[in-house]
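Open the structure in your viewer and keep the selection tool at hand. This tour goes stop by stop.

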Amino acid sequence: MLHIYILIPFLAALLIGLAAKKVDRIHTGWFVLPVPAVLFILFISKLPTLAEGKIVQSIANWIPSLDIQLSFYLDGLSMLFSLLITGIGTLVVLYSIFYLSKKEQLVHFYVYLLLFMGSMLGVVLSDNVFVLYTFWEFTSISSFLLIGFWFYRERSTYGAQKSMLVTVFGGLSMLGALILLSITAETNSIREMIANRSDIIESDLFIPILILLLIGAFTKSAQFPFHSWLPDAMEAPTPVSAYLHSATMVKAGIYLVARFSLIFSGTDVFFIIVSGVGLITLCLGSILASRQTDLKGILAYSTISQLGMIMTMLGFGTGIATLAAIFHIFNHATFKGSLFMIAGIVDHETGTRDIRRLGGLYTFMPISATLAFFGAFSMAGVPLPIFNGFLSKEMFFDSSLKLEQTSGFAGMFAEWIPLLAVVGSIFTFVYSMYLVFGTFTGKAKLDQLEKKPHEAPIGMLISPIILIGFVVLIGLFPNPLNEALLAPAVGSVTGDFALTHLAFWHGFDNTPLHMSLVVVAVGTILAITLKRWQPIYNRVPGKFSTDRIYQSIVNGLLSFSSKFTKFYMTGSLRLYTSIILVFLVVSTSIFIYVTDGFKIAFDDLAPVTWPEVLVGFVMAVAAIATIWMTQRIAAIIVIGVVGYGLSLLFVFFRAPDLALTQLIVETITVALFLLCFAHLPKLKKSDKKSSEKLVDFIIAASTGALLTVVAISAHSSKYFESISKYFVDNSYKLGGGDNIVNVILVDFRGLDTLFEIAVLGLAALGIFAMIKYRDKGDMNH
């Protein structure tokens, strides 16, 4: 069943183009909308099964020889992500119908979107690690296409390329971790790896596995220092930003860490790396968001900050921290998805996203402004029961105060976490207030806008209204969601299905509440005085920004590759041939030496008679004679002697089929060479230096010697049992013939013989064509 769920978006991507062409007057999005909606309903229907403590799974063989199966399973964690992928996907498609003009390449857009949707479902439902990796890279490719959808914009192509380079680099790192994991645990199944947790932790490969896996997760979820690709990806259409960069793609890394937490969580190195990187990302992202002037830029860095907070809580490894992380994954999708859509509405209705040119839009866009207020205040964690973001933010503070690490560096680090959590949250409050008040309050700057602002059409408002509805509803009544979705997801991450009651009010004597009030108080002061403090923000991180480091690395690689390419790409065929032959000789010689592959054996050889020796001697003389030929025609005739001599040897050694093939191919080759050389200038005496001739001689002699060694070793080395015995034993039994050679040609090697006949036929046609042209006097054509 799960195979079909994953397959549906891919099949829809194939069919959507045909459907759109049939009715070109209808927006393509209407044909796409049922796909995520139906999938959402199908996944919702599986909730009762999960409530009974069961999982839904399906298995099909893919590459049995490598123990790779298309095995998928649906548990609490994958259910949460599947509902986000399909639910947010439905709202994004609905929003895009009113956001994207029919003049756009809509078929391309929705095909890319469906490919991404199917790939994300494959990631969160896969049990086999290599199937997971395959879908993981599919998300990178499809997101590259979505980010670069407006390919005629330089910034779009730059953002797409940057996201591809960073996330694919992380994907390759993750692949290394998955290979090491499969070797250590002796299985490709995630669930079986979790069952073999002790073997993995005690392995010498534990640290390399953990680091490689986390690099893959950090790159995908835009964690420091791999976060700089996300702001550049904001050049994508707003529906893409709302879908990929708030609810789905950037949470793939979060999913990866959560899924493997049962293996790695509880170790100090996991806690220090994951929580440390998460806290740095939280603080840096929130600080950088406060200095942005583009609405989507603010939201991009706020996404980095929020993902850092989720990653930090997953690093804690405690039950309450995991619940807070899972809860915030859902909350972030609701308020951030709505805010991206509002940013798109502002851009769509005013012609700009520059917050310096905006202000006073509440009068013109009251519905959008109201939605933005709720989304921004929830993101800021304002302590009111109508904001779901506050609940998970307070749980974040609470979990930071209840860490279990009490000794060593991990214990010292744990003591600083509550303070860093407050600092990051203060700047989260600052950019949230900056976003909403800078856009919708103050004096309207109509003269700086490209369009006269007005409220968006209702179709564009439906999706953010639904998301903000969840913000308020979950804020007021969190426990139904907790029981149905959050608790099973937490159980999948921690292995302990324990239901925790969620409540807004815990009394005044509550440290997390005090931390929230500090955030609001200090954040309000910083938000009011933002213009005075922004010059300081603008100096961070300065020349040490990861964006500059990334660009320096890319420029350095391009410069090095350009210089290296110019070094050997000189236009000299002699140099190219020399490089190929030297590499062949060196690499093959090393391999033969390392594997002790050189053998000489004289057993099982056919007798050699004087006619065969004479033919071989003539062939050698002809081959050497070509070196001193001064006429091309003479050279090709002499080299033809080598080919015809080989045909004779095939006859002597009773291989008439090979002799006939060689004879005809040699004839057509000689004829073609003669035809070409007749139109080339005469050969000139070589003016090479003695040193160049010496190098050529060494390369030629080494290549000839190597091929001789390989030929001798191929006969002398008996690494595998000869297949000839099989032919002798089975020719009559399976082929029904007494002549073994005939049976081999017709039955055992029938396909090979077919291609040999095809070669002979093509050669014959070539000869016939040249004869006909010569008869008509058209050889010059």
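**Stop 1: a loop with a proline.** Select Pro-225. Pro-225 sits in the loop between helix 11 (206-220) and helix 12 (229-232). Bear in mind that this is a predicted model. Now show the backbone from Phe-224 to Pro-225. The peptide bond there is cis, with omega near 5°. Stay in this loop and pick Ala-222, which also lies between helix 11 and helix 12. The phi of Ala-222 is near 55°, a positive value in a residue other than glycine. Is Ala-222 buried or exposed? Ala-222 has 0% relative accessibility, so it counts as buried. For background, most residues other than glycine have a negative phi, and most peptide bonds are trans.

**Stop 2: another positive phi.** Select Glu-186. You will find Glu-186 in the loop between helix 8 and helix 9 (190-195). Glu-186 is not a glycine, yet its phi is positive, at about 60°. Glu-186 is exposed, with a relative accessible area of 73%.

**Stop 3: the whole chain.** Zoom out and colour by secondary structure. How many helices and strands does the chain have? There are 34 helices and 2 strands. The radius of gyration is 35 Å, well over the 28 Å that the globule rule gives for 781 residues, so the chain is more spread out than a compact globule. Along its principal axes, the C-alpha trace spans about 110 × 60 × 60 Å. Switch on the surface. The chain exposes about 37,700 Å², and carbon and sulfur atoms supply 68% of that area. Of the 781 residues, 49% are buried. Contacts across the sequence come next. Among contacts with a separation of 6 or more, 79% are between residues 24 or more positions apart.

**Stop 4: the hairpin.** Select residues 56-63, which form strand 1, and add strand 2. The two strands pair in the antiparallel sense over 7 bridges. Look for Ile-63, which stands opposite Ile-68 in strand 2. Strand 1 and strand 2 form a hairpin with 4 residues between them. In the turn, Asp-67 has a positive phi of about 55°. Now select strand 2 alone, residues 68-74. Why is strand 2 described as largely enclosed by the rest of the structure? The reason is that 5 of its 7 residues are buried.

**Stop 5: charges over rings.** Show side chains for Tyr-73 and Arg-191. Arg-191 lies over the face of Tyr-73, at 4.5 Å from the ring centre. Then move to Trp-150 and Arg-153. Here Arg-153 lies over the face of Trp-150, at 4.1 Å from the ring centre.

**Stop 6: ring pairs.** Show the Phe, Tyr and Trp side chains. With ring centres within 6.5 Å counted as a pair, the total is 29 aromatic pairs. Begin with Phe-109 and Phe-149. Their ring centres are 5.3 Å apart and their planes stand at 70°, so this pair is edge-to-face. Phe-109 lies in helix 6 (residues 106-125), and Phe-149 lies in the loop between helix 7 (129-147) and helix 8 (154-185), so the pair ties together parts that are 40 residues apart in sequence. Both Phe-109 and Phe-149 are buried.

Next, select Phe-377 and Phe-387. The ring centres are 5.9 Å apart and the planes are at 40°, so this pair is tilted. The pair links distant parts of the chain, 10 residues apart: Phe-377 is in helix 19 (residues 366-380), and Phe-387 is in the loop between helix 19 and helix 20 (388-401). Phe-377 and Phe-387 are both buried. Widen the selection to Tyr-362, Phe-373, Phe-374 and Phe-437. Ring pairs link these residues with Phe-377 and Phe-387 into a cluster.

**Stop 7: a buried glycine.** Select Gly-359, in the loop between helix 18 (319-350) and helix 19. Gly-359 counts as buried, at 3% relative accessibility. Which residues does Gly-359 touch, not counting residues up to four places away in sequence? They are Gly-438, Thr-439, Thr-441, Lys-443, Ala-444 and Lys-445. Draw a distance from Gly-359 to Lys-445 to finish. Their C-alpha atoms are separated by 6.5 Å, while the two residues are 86 residues apart along the chain.

Terms used: Residues numbered from 1 in each chain as written. Predicted model: local features only at pLDDT ≥ 70, side-chain atom pairs only at ≥ 80, totals over all residues. Heavy atoms only, no water. Phe/Tyr/Trp six-rings, centres within 6.5 Å; stacked < 30°, edge-to-face > 60°. Buried < 20%, exposed > 50% of the residue type's maximum accessible area, 1.4 Å probe, protein only. Lys NZ or Arg CZ within 6 Å of the ring centre and 35° of its normal. Rg over C-alpha atoms; globule rule 2.2 N^0.38 Å. Contact = heavy atoms within 4.5 Å. Areas by Shrake-Rupley, 256 points an atom, 1.4 Å probe, with all protein chains shown as cover. Pairing = 2+ DSSP bridges.
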